[in-house]
Amino acid sequence: MSVRDHRECERVRQLFTAEIDREATELEEAAIRRHLRTCAECAEAYDAHVAVARGLRQHPLVRTRRHPLPLWRRIGAEIWVFVTATVVVAALVCAFALR
Ligand SMILES: [Zn+2]
């Protein structure tokens, strides 16, 4: 560790999560790859980050979070919104018709 710019390390490490989630821009990805080739500390940190991210994805609780409700529950919720809207519209139409 000599004159390495640690602001660069911090900047690159902040991009790890975005890079692993494929949310980083091409420019950011290139910056990460370039930095990892020259910085063993960050390369190690990156490997650890990837391992943690993979571990999380395989965890059932995290995996189900993407679809919090089963399909039929979601469809059920949409039907309720539709029924409620229909009732409200019907009530309004009746109110106008009976005036
Ligand atoms: Zn670094």
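This passage walks through the fold, the core and one loop residue of a predicted model.

Residues are numbered from 1 along each chain as its sequence is written. Because the model is predicted, local features need pLDDT of at least 70 and side-chain atom pairs count only at pLDDT 80 or more, while totals for chains, interfaces and linings use all residues.

The protein chain holds five helices and zero strands, where helices (H or I, at least four residues) and strands (E, at least two) are DSSP runs numbered from the N terminus. Read from the N terminus on, the order is α-α-α-α-α. The predictor's confidence in each residue, pLDDT, goes from 0 to 100; its average over the protein chain is 84, and 86% of the residues score at least 70. Helix α2 (residues 26-38) has the highest mean pLDDT among the elements, 95, and helix α4 (residues 60-65) the lowest, 61. Where pLDDT is low, the predicted coordinates should not be read in detail.

Of the 99 residues in the protein chain, 6% are buried. A residue counts as buried if 20 or more other C-beta atoms lie within 10 Å of its own, exposed if 12 or fewer, and partly exposed in between, with C-beta atoms placed from the backbone. The largest nonpolar core (buried Ala, Val, Leu, Ile, Met, Phe, Trp, Tyr and Cys residues joined through C-beta atoms within 7 Å) comprises five residues: V12, F16, I32, C42 and Y46. At least two of these come from each of α1 (6-20) and α3 (40-58). Setting aside residues up to four places away in sequence, Y46 touches F16 and L36; contact requires C-beta atoms, placed from the backbone, within 7 Å.

Between α1 and α2, the loop includes A24. This residue, A24, is partly exposed because 17 other C-beta atoms lie within 10 Å. Beyond its neighbours within four places in sequence, A24 contacts L15, A18, E19 and E29.

Terms used: Two residues are in contact if their C-beta atoms, placed from the backbone, lie within 7 Å.
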